[in-house]
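Reader: Hi, can you walk me through this protein model? Short answers are fine.
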Amino acid sequence: MAKIRTGRVGEQIKKELSQLIQTELKDPRIGFITVTGVDVTSDLSQAKIYLSVLGDQEQKAASLKGLEKANGFLRSELGKRIRLRHVPELIFKFDESIEYGSRIEKLLGEIGEQD
């Protein structure tokens, strides 16, 4: 039963956080960010937010700094939008799977051209 609740809370956090980042944050350091996933601990104390950022490493680092700076604002807004007693602590991480997948696809395309 607890797994179902953490999954639902994670999906709701993902939806609301995506909307907040795109519409409410005005920090120029934050580029084009996509929230790819959210893992919430079973006691709802922490949420790992996986992000995909368009750009090079410098833009990724700047976007992460901007999000860390806006962490308090994001938590308070999540608390207003989602009815939870305690809003989980937000931990931002990069999701490298999209870049990895595109790299693999590029390599497979090169192999196909050689044959």
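Author: We can take the strands, then a helix, then the pocket. This is a predicted model, where local features need pLDDT of at least 70, side-chain atom pairs count only at pLDDT 80 or more, and totals for chains, interfaces and linings use all residues. Residues are numbered from 1 along each chain as its sequence is written, and side-chain values use heavy atoms, with hydrogens and water left out.

Reader: Which way do β1 and β2 run, parallel or antiparallel?
Author: Antiparallel, with seven bridges joining β1 (residues 33-40) to β2. Strands here are DSSP runs of E, at least two residues, and helices are runs of H or I, at least four residues, numbered from the N terminus. Two strands pair if DSSP finds at least two bridges between them.

Reader: What is the bridge partner of V38 in β2?
Author: I49. Between the strands of this hairpin sit five residues, and L44 takes a positive phi near 60°.

Reader: And how many bridges join β2 and β3?
Author: Six, in the parallel sense, with β3 covering residues 89-94. A47 has L90 as its bridge partner in β3.

Reader: Where is Q46 found?
Author: In strand β2. Its C-alpha atom is 6.2 Å from that of L90, though the two residues are 44 apart along the chain. Q46 counts as partly exposed because its relative accessibility is 29%. Buried means under 20% relative accessible area, exposed over 50%, and partly exposed in between (1.4 Å probe, protein chains only).

Reader: New topic. Which residues of α2 are buried?
Author: K60, S63, G66 and L67. They cover an arc of only 125° around the axis, so they lie on the same side of α2. That arc is taken from the directions from the helix axis to the C-beta atoms.

Reader: Why can residues spaced along a helix point the same way?
Author: An α-helix has 3.6 residues a turn, so residues three or four places apart point the same way.

Reader: What does the other face carry?
Author: The face turned away from the buried side of α2 carries exposed Q57, E58, K65 and K69.

Reader: Now the largest pocket. Which residues lie nearest its centre?
Author: S52, V53, L54, I98 and E99, out of 13 lining residues. β2 (46-53) and α4 (97-114) each supply at least two residues of the lining. The largest share, three residues, comes from β2.

Reader: What is a pocket, exactly?
Author: On a 1 Å grid over the protein atoms alone, a pocket is an open set of points where a 1.4 Å probe fits, with protein on both sides within 12 Å along at least five of seven lines; lining residues have an atom within 4 Å of a point.
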